[in-house]
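Here are my notes after going through the model, in the order I'd raise them over coffee. Have the viewer open while you read.

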Amino acid sequence: RMLAATPGLEVRQIVLNRGEAADALQRMDVYGVVHIPPDLARDVKHGAGGAITLLHNAQLATASSLLQRDVRQVVGTLSAGVEMQAAAKRGSPHQALRVQMEPIKTQLVALFNVSTNYEQFLAATLVPALIHILAMTAGAWTVGRELRDRTLGEWLGAGGWARTAGALAGKLALPWVFLTLVGLLALVGITWGRGWHPPGNLWWVAAALALLVAVSITAGAALAGITRSLRTALSGAGFFAAPAFAFSGVAFPLAGMPSSARAWAEAMPFTHYIRLQIEQLQMGAPVATSVSTVVALILATAVLWLLGATALTLAHQRPDTWGGR
């Protein structure tokens, strides 16, 4: 009850065993688990003391620090209240209360990123964020310059939706390959290259990174096709991709965001990718936990590709709209 009444904490669910607690942490439904021993009340009444254990996700540094602070405060308040009642019944003088103020102590157990390695914490998340920005910009530039230079007709030829869709896929294939290769090399360098062997599936993260690049590059291309302006497409790419890291839940927890910011964060593909990366590289979650993210990235890529092909098909029929910068 005291934990639930603390402004910085929210009791999201009650788990019955270690498996449920681990599942909730790995799915990032909660940022920590508090374990209260079943015989705590009896031990305190017998004067033996006790310990309340907080299992917290140290990978999310901000949320973890706030969680530790508030749980310590709650346990300290409870402990002081217990001791004051016990001391009053024993007739202890008021001056002696300060010496025996804390019969219950908090035990903090860091589950992930135990060494608080900020290279693993920051570099492993900033590199894909940069790749995300570059990929979205590359998609907007690759298609937008055809409109700017009025060469859309030469590129698409006779037109037609199927031909346009194929041409768009071929146009984006080369930048996708190069950016994916750079991202994978950076991923391997940060992990195996630095002697860090993640507890999860690195190949699953590599596949998700390739899909993140695909989503980003097709989003940029779709923006260029819809706006028919290179300048507007590049501006839109920056607007969507640049703040993606800030809204991803790594620097600031999603649970602490207002509903509008949370909705914006959930709409960003980078938010879902970085959650998968943390699950695998830091938390060692089962691959099944991250399957939904991979499926969502595949569907998002397909939808954006279809949207971009449709927009370019319509633009091909209006040569008077070409040449915008």
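What follows is a set of numbered points on helices, rings, strands and a few single residues.

1. First, a caveat: this is a predicted model. Please read every distance and angle below as a value computed from that prediction.

2. Start with helix α7, residues 161-190. With 30 residues at 1.5 Å each, the helix should span 44 Å, and its end C-alpha atoms are 42 Å apart, so the expected and actual figures agree. That doesn't make α7 straight, though: there is a bend of about 35° at alanine 173. Look just past the bend and you'll find proline 175, within four residues.

3. What does the buried side of α7 pack against? The partners are α5 (118-148), α6 (152-156), α8 (202-227), α11 (269-282) and α12 (287-316). The buried residues of α7 include several leucines, namely Leu168, Leu172, Leu179 and Leu187. Pro175 from the previous point is also on the buried list, and so is Lys171.

4. That lysine deserves a closer look. Lysine 171 lies over the face of tryptophan 155, at 5.2 Å from the ring centre. Since Lys171 is also one of the buried residues of α7, I'd put both side chains on screen together.

5. Now the rings. The structure holds 6 aromatic pairs. One of them joins phenylalanine 239 and tryptophan 264, with 5.6 Å centre to centre and 75° between the planes, which is edge-to-face. Phenylalanine 239 belongs to helix α9 (residues 230-241) and tryptophan 264 to helix α10 (residues 259-267), so this pair ties together parts that are 25 residues apart in sequence.

6. Stacked or edge-to-face: which is the pair of phenylalanine 240 and tryptophan 264? Here the centres are 5.8 Å apart and the planes are at 10°, so the pair is stacked. Phenylalanine 240 also sits in helix α9, 24 residues from tryptophan 264 in helix α10, and this pair too links distant parts of the chain. Put together, Phe239, Phe240 and Trp264 form one aromatic cluster.

7. How accessible are those three rings' residues? Phenylalanine 239 has a relative accessible area of 53%, and because the cut-off for exposed is over 50%, it counts as exposed. Tryptophan 264, at 28%, is partly exposed, and phenylalanine 240, at 29%, is partly exposed as well.

8. On to the strands. β1 (residues 32-35) and β2 (residues 50-56) pair in the antiparallel sense over 4 bridges. Glycine 32 stands opposite histidine 56 in β2. On the β3 side (residues 104-110), β2 runs parallel to its partner, and 7 bridges join the two. If you want a register check there, alanine 51 has lysine 105 in β3 as its bridge partner.

9. Two single residues to finish. Valine 287 is in helix α12 and is partly exposed, with a relative accessible area of 29%. Leaving out residues up to four places away in sequence, valine 287 touches Asn201, Trp204 and Gln280. Arginine 231, in helix α9, is exposed at 56% relative accessible area. The C-alpha atoms of arginine 231 and arginine 148 are separated by 9.1 Å, with their positions 83 residues apart along the chain.

Terms used
Residues are numbered from 1 along each chain as its sequence is written. This is a predicted model: local features need pLDDT of at least 70, side-chain atom pairs count only at pLDDT 80 or more; totals for chains, interfaces and linings use all residues. Side-chain values use heavy atoms; hydrogens and water are left out. The expected span of a helix is 1.5 Å times one less than its number of residues. The bend at a residue is the angle between axes fitted to the seven residues ending there and the seven starting there. Buried means under 20% relative accessible area, exposed over 50%, partly exposed in between (1.4 Å probe, protein chains only). Contact means heavy atoms within 4.5 Å. Rings of Phe, Tyr and Trp (its six-membered ring) pair if their centres lie within 6.5 Å; planes under 30 degrees apart count as stacked, over 60 as edge-to-face and the rest as tilted. A charge sits over a ring if NZ of Lys or CZ of Arg is within 6 Å of the ring centre and within 35 degrees of the ring normal. Two strands pair if DSSP finds at least two bridges between them.
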